[in-house]
Amino acid sequence: MTSVSVFIVQVKLAVQQAGFLRHKRGYVKIRGMPVKGGDVTAHRNDAKLKGEPNDPLFDKQWYIRNTGQAGGVPKLDLNVGAAWALGYTGKHVTTAIMDDGVDYMHPDLHDNFNAEASYDFSSNDPFPYPRYTDDWFNSHGTRCAGEISAKRDNKICGVGIAYDSKIAGLRMLDQPYMTDLIEANSMGHRPDLIDIYSASWGPTDDGRTVDGPRNATMRAIVKGVNEGRGGLGSIYVWASGDGGPDDDCNCDGYAASMWTISINSATNDGQTAGYDESCSSTLASTFSNGKSGYRDAGVATTDLYGECTTRHSGTSAAAPEAAGVFALALQANPKLTWRDVQHLTVLTSKRNHLYDPNGEHNWTINGAGLEFNHLFGYGVLDAG
Ligand SMILES: *[C@@H]1O[C@H](CO)[C@@H](O)[C@H](O)[C@H]1NC(C)=O
Ligand SMILES: *[C@@H]1O[C@H](CO)[C@@H](O)[C@H](O)[C@H]1NC(C)=O
Ligand SMILES: [Ca+2]
Ligand SMILES: [Ca+2]
Ligand SMILES: [Ca+2]
């Protein structure tokens, strides 16, 4: 047999890739100009406790520690300090940001960037650097990355929830159309190096789109949970959607998948945000933005080109916070399976002050005796 005929015999399937739309979540809602890392030091509370991070935006990161900043409810936060106090900072855990790229030259991200685990599926090269546009459209992935893995105590921007963890950039949202293959390749990329995959995107949030993972992507997810992390299973964290009350996250096959952990958002005073969707598949909530009208009420994190922002928002901002909390959990117990992480999420999330001001989604007790809400899932993730 010639090598050519062997090749022909081994091709079992050839599929033309059709293009479809996938959208970043949370981009349109609040669009703020970046703030320079140094500018905010003037607003800083200088009566700091010993051992406080010296990062200028830390006091604005109410999702990490809510002391009532920007009109918030004190202690309505991810209780990250409790995990830090026990020594868990995300060491040896890598989270991949599947997005529009990551500014890996950012001084607050550079040291925690895992280049080996990164790839650019939008332009097929190993460098997932965001494509330049005048309006900073491609700042989404960089903002998500900082929430998880911005470096601590370097006097730049803020502090990542898992500030000793690594982040990988999987650039895959920045081409005219999505294909099944780009999604599948991203979600199956280096499961030996990547522990958590964070996705802040999905099908169009217009209240009439029912869509989800196509064939190859579905196979990649199933392979990931069965074989990733040495068989313990890759963790897929999903933003539940920004379509508001007229959309339903059960119609989003990524968020509703049993193999992903779907995360909704709440504001810093415990309310549902206007863009939040409700559905039974949401497991827990983290935070998106604070009360409107308050300065710095958004999510403080890193921004493109070495800048910082206090305006990241949407369920886009919420999913990476969950990825950060899971990175802390995986350092504490690296043997946790993908399913254990779901159980932990269900059993330890707290109602705290979360409520629906419209009275449409009240808390109820489910068959297992746990408090549950179709907006917030089992409540606020608790890193402690
Ligand atoms: C995808 O899977 C479905 C169900 O198994 C099958 O009917 C369909 O032909 C597949 N599509 C492609 C493009 O392989
Ligand atoms: C939720 O609770 C409020 C206050 O008790 C009540 O007015 C409202 O009707 C409830 N909503 C539903 C959907 O049950
Ligand atoms: Ca590139
Ligand atoms: Ca920092
Ligand atoms: Ca949706």
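Here are three short exercises on the predicted model above, each with a worked solution.

Some conventions first: residues are numbered from 1 along each chain as its sequence is written, while chains are lettered from A and ligands numbered from 1 in the order in which they are written. In this predicted model, local features need pLDDT of at least 70, side-chain atom pairs count only at pLDDT 80 or more, and totals for chains, interfaces and linings use all residues; side-chain values use heavy atoms, with hydrogens and water left out.

**Exercise 1. Classify the ring pair of Phe372 and Tyr378.**

Step 1: Recall the rule. Rings of Phe, Tyr and Trp (its six-membered ring) pair if their centres lie within 6.5 Å; planes under 30 degrees apart are stacked, over 60 edge-to-face, and the rest tilted.

Step 2: A search of the whole structure finds 15 aromatic pairs. For Phe372 and Tyr378, the ring centres are 5.0 Å apart and the planes stand at 65°, so this pair is edge-to-face.

Step 3: Add the surroundings. Phe372 and Tyr378 are both buried (under 20% relative accessible area; exposed is over 50%, partly exposed in between; 1.4 Å probe, protein chains only).

**Exercise 2. Find the edge strands of the open sheet of seven strands.**

Step 1: Write down the order, S3-S4-S2-S5-S7-S8-S9, with parallel pairing. Strands are DSSP runs of E, at least two residues, and helices are runs of H or I, at least four, numbered from the N terminus; two strands pair if DSSP finds at least two bridges between them.

Step 2: Read off the ends. S3 (119-120) and S9 (282-287) each have a single partner strand, so one side of each lacks a neighbour in the sheet.

Step 3: Try one pairing inside the order. S7 (residues 235-239) and S8 (residues 260-266) run parallel and are joined by four bridges; Tyr236 has Thr260 in S8 as its bridge partner.

**Exercise 3. List the protein donors of the calcium ion (ligand 4) and place two of them in the chain.**

Step 1: Apply the cut-off. Donors are N, O and S atoms within 2.8 Å of the metal (3.2 Å for Na, K and Ca); water is not among the atoms, so sites may look incomplete.

Step 2: Collect them. Asp55 (OD), Asp108 (OD), Asp108 (OD), Lys151 (O), Asn154 (OD1), Ile156 (O) and Gly158 (O) lie 2.3 to 2.8 Å from the ion.

Step 3: Place the pair. Asp55 is in the loop between S1 (23-24) and H2 (80-85), and Ile156 in the loop between H3 and S4, 101 residues apart.

Step 4: Check exposure. Asp55 is buried at 0% relative accessible area, whereas Ile156 is partly exposed at 23%.
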